[in-house]
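Please look over the sequence and the 3D view before reading on. The report below is a short tour for a newcomer.

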Amino acid sequence: MSTLTIATNGHSIATIPSESIDALGAELRGRLLLPGDADYDEARRVWNGMIDRRPAMIVRCAGVSDVMAAVRFAGAQDLVVAVKGGGHNIAGNAVCQDGVMIDLSPMRSVYVDPQARTARAEGGATWGDFDAATQAFGLATTGGLISTTGVAGLTLGGGIGWLMGSYGLACDNVLSFDVVTASGAPVKASAEQNPELFWGLKGGGGNFGVVTSFEFRLFPVAPLFAGMLLHPLERAVDALERFHAFVQEAPDEVGALAGFVTAPDAGPVLALILVYNGPVEDGERLFAPLRAFGPPILDNLAATPYRVIQTMFDAGAPAGLRNYWKSSFLKALPRDAMKILVERFRQAPSPRCKMFVECIGGEAGRIAREDTAFDHRHSPFNLLILGGWETESGDAQNIAWTRETWKVMQPFACEGVYVNYLNEETDEGSARVEAAYGPQKLARLAALKARYDPGNLFRMNQNVRPSA
Ligand SMILES: Cc1cc2nc3c(=O)[nH]c(=O)nc-3n(C[C@H](O)[C@H](O)[C@H](O)COP(=O)(O)OP(=O)(O)OC[C@H]3O[C@@H](n4cnc5c(N)ncnc54)[C@H](O)[C@@H]3O)c2cc1C
């Protein structure tokens with residue numbers, strides 16, 4: 001009798017007879033991929049090229065029943081489980097070594113109810129899928145900046161996007177989640193049904209089960225005044241200072257990000273990216289003083305359909321490069337911090353390295369802190385240092401640059417970190433998970449975990465361990 005060996009959560013190996021594997025395959029509407037099958041290598045690939053793990057099996061789910069079958073199969077033998085939404089997680093938590101990968105990428109439907117202004121997205125949908133479906137009706141909700149990022153992982157960790165000043169984070173606009181919990185049972189979580197689970201899924205990550213669909217509130221979003229201003233590094237501190245003063249006073253409708261990037265034609269630059277979610281003429285008037293400074297070496301601000309804005313930066317975030325990130329919410333961004341950022345960017349070992357300062361505020365900052373598991377909505381800025389490079393030989397140098405840059409910015413940082421930007425964090429480990437939630441929320445999440453996943457089946461994530 002042939003068998004398959006699979007890793008268990010107890011760090012041992014389960015030997016599973018081929019009849020059991022065949023029985024699982026026969027139960028599925030989707031496909032079961034084993035090493036050597038066509039599509040296996042494509043399916044195990046995730047955005048970060050540093051991740052190269054080989055699951056013992058990949059369950060390509062065609063619907064909720066497949067997710068239930070996969071969870072029950074893995075749960076019965078306590079196998080290592082990974083769940084893939086859009087596969088963008090920097091830590092590579094969507095794929096596991098020798099375990100069961102539950103791949104939701106065939107589940108990408110988005111159903112829009114234009115009258116109710118709601119959309120239901122399946123667990124494998126990307127923001128590109130979501131924005132295409134909702135913008136067909138002139139509607140949108142806060143979503144990620146790159147169209148290939150998964151709705152699932154981004155929303156479960158919080159969800160930073162251009163519209164957050166107007167409408168809150170992605171998770172703030174979820175009306176209900178459909179979840180397959182560790183027992184394999186489907187559960188609905190909303191303000192009325194299982195409200196504690198509803199709270200935990202708004203920022204608590206993939207800890208509580210596999211979310212098979214998300215119901216979002218939508219808003220009318222017409223073409224917006226948006227684009228970027230590029231400045232040379234010599235002018236970056238002064239430009240950043242003006243940007244900083246501007247965002248402090250900016251209305252909720254402004255989405256803003258300052259980025260250090262290497263532009264194809266201009267080399268290393270400061271990019272000030274601006275989006276105005278309101279009448280185009282108002283945006284034009286509002287951004288005029290920022291546009292007048294310099295002048296910028298590029299100014300492409302213009303009336304732009306939201307869906308176009310949502311794909312505008314895709315080319316700068318290709319899949320398959322090697323990536324290592326570190327981030328922290330910032331208390332403030334004084335001139336000294338700006339000078340350090342410019343200096344550190346000059347030393348970046350690869351043109352693929354970037355640094356972003358995201359501005360948090362407006363509605364995202366007004367929603368009560370205790371309303372969601374996501375914790376850091378009152379920090380004014382989030383700093384993300386993105387080490388990116390092409391080949392293994394660059395690993396040590398680029399990782400060291402990312403870590404050192406993060407370290408020298410710590411005097412300006414809050415305790416907190418955005419869970420969606422965490423690496424594997426092997427050195428700091430659970431301390432960074434505690435930093436993401438704070439001790440009180442972490443204890444509340446641990447109690448929720450004990451209720452829905454007492455055996456910690458879903459541990460390939462920034463893991464909340466079940467309370468005793
Ligand atoms: C290029 C790029 C751009 C980004 N831009 C933004 C941005 O604009 N705003 C922002 O807030 N973040 C952004 N992020 C970070 C992003 O939010 C996280 O990487 C997030 O984890 C991606 O979700 P995913 O579904 O694509 O990832 P995956 O790797 O598939 O999953 C991430 C985590 O969520 C779990 N998970 C995935 N799907 C499900 C599900 N259906 N049910 C339960 N658990 C699930 C996984 O197990 C894993 O632990 C970006 C990341 C990248 C790489």
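What follows covers two sheets, a helix, some single residues and a pocket.

This is a predicted model.

**The five-stranded sheet**

An open sheet is built from 5 strands. Their order is β7-β8-β12-β10-β11, and the pairing is antiparallel. Which strands stand at the edges? They are β7 (110–113) and β11 (186–190). Each has a single partner strand, so one side of each is left without a neighbour in the sheet. Neighbouring strands here are turned by 15° against each other on average, direction ignored.

One pairing in this sheet joins β10 (residues 174–180) to β12 (residues 210–217). The two strands run in the antiparallel sense and share 6 bridges. Across this pair, Phe 177 stands opposite Phe 214 in β12.

**Helix α4 on the sheet**

Helix α4 (residues 127–135) lies across β7, β8 (118–122) and β12. Its direction is at about 30° to β7. Is α4 mostly covered or mostly open? It is mostly covered, with 7 of its 9 residues buried. The buried residues are Trp 127, Asp 129, Phe 130, Asp 131, Ala 133, Thr 134 and Gln 135. Two of the names in that list, Asp 129 and Asp 131, are aspartates. The cover over the buried residues of α4 includes the strands β7, β8 and β12. It also includes β9 (139–140), α5 (151–157) and α10 (306–309).

**Ala 140, beside the helix**

Ala 140 belongs to strand β9, which is among the elements that cover α4. What does Ala 140 touch beyond its neighbours within four places in sequence? Its contacts are Thr 134, Gln 135, Leu 163, Leu 218, Phe 219, Val 221 and Tyr 306. Thr 134 and Gln 135 are also buried residues of α4. Ala 140 itself has a relative accessible area of 0%, so it counts as buried. Glu 363 is 223 residues away from Ala 140 along the chain, and their C-alpha atoms are separated by 16 Å.

**Phe 208, next to β12**

Phe 208 lies in the loop between α7 (195–201) and β12. Buried or exposed? Phe 208 is buried, with a relative accessible area of 0%. Leaving out residues up to four places away in sequence, Phe 208 touches Val 179, Thr 181, Leu 197, Gly 200 and Leu 201, among others. Its contacts also include Leu 445, Leu 448, Lys 449, Tyr 452 and Phe 458. Phe 208 and Arg 53 are 155 residues apart in sequence. In space they are 23 Å apart, C-alpha to C-alpha.

**The four-stranded sheet**

Another open sheet has 4 strands in the order β3-β4-β6-β5. Its pairing is mixed. The edge strands are β3 (31–33) and β5 (81–84). Each of them has a single partner strand, so one side of each lacks a neighbour in the sheet. From one strand to the next, the twist averages 20°. Strand β3 pairs with β4 (residues 57–60) in the antiparallel sense, over 3 bridges. There, Leu 32 stands opposite Val 59 in β4.

**Backbone points to check**

Most residues other than glycine have a negative phi, and most peptide bonds are trans. Against that background, two residues with positive phi are listed here.

| Residue | Phi | Place | Relative accessibility |
|---|---|---|---|
| Asn 194 | near 50° | loop between β11 and α7 | 28%, partly exposed |
| Asn 456 | near 55° | segment after α14 (430–452) | 8%, buried |

There is a cis peptide bond too. It runs from Gly 294 to Pro 295, with omega near -5°. Pro 295 lies in the loop between α9 (280–292) and β17 (298–299).

**A pocket**

The second largest pocket has a volume of about 420 Å³. How many residues line it? The lining has 22 residues. Closest to the centre are Lys 84, Gly 86, His 88, Thr 148 and Ala 319. By type, the lining divides into 7 nonpolar, 9 polar and 6 charged residues. Lys 84 falls within the range of the edge strand β5 (81–84).

Methods. Residues numbered from 1 in each chain as written. Predicted model: local features only at pLDDT ≥ 70, side-chain atom pairs only at ≥ 80, totals over all residues. Heavy atoms only, no water. Pairing = 2+ DSSP bridges. Axes fitted to C-alpha atoms, helices over the stretch in contact; angles between N-to-C directions. Contact = heavy atoms within 4.5 Å. Buried < 20%, exposed > 50% of the residue type's maximum accessible area, 1.4 Å probe, protein only. 1 Å grid on protein atoms, 1.4 Å probe; cavity = no way out; pocket = protein on both sides within 12 Å on 5 of 7 lines; lining within 4 Å. Points joined across faces, edges and corners; volume = space filled by probe spheres on them. Nonpolar A, V, L, I, M, F, W, Y, C, P; charged D, E, K, R; others polar.
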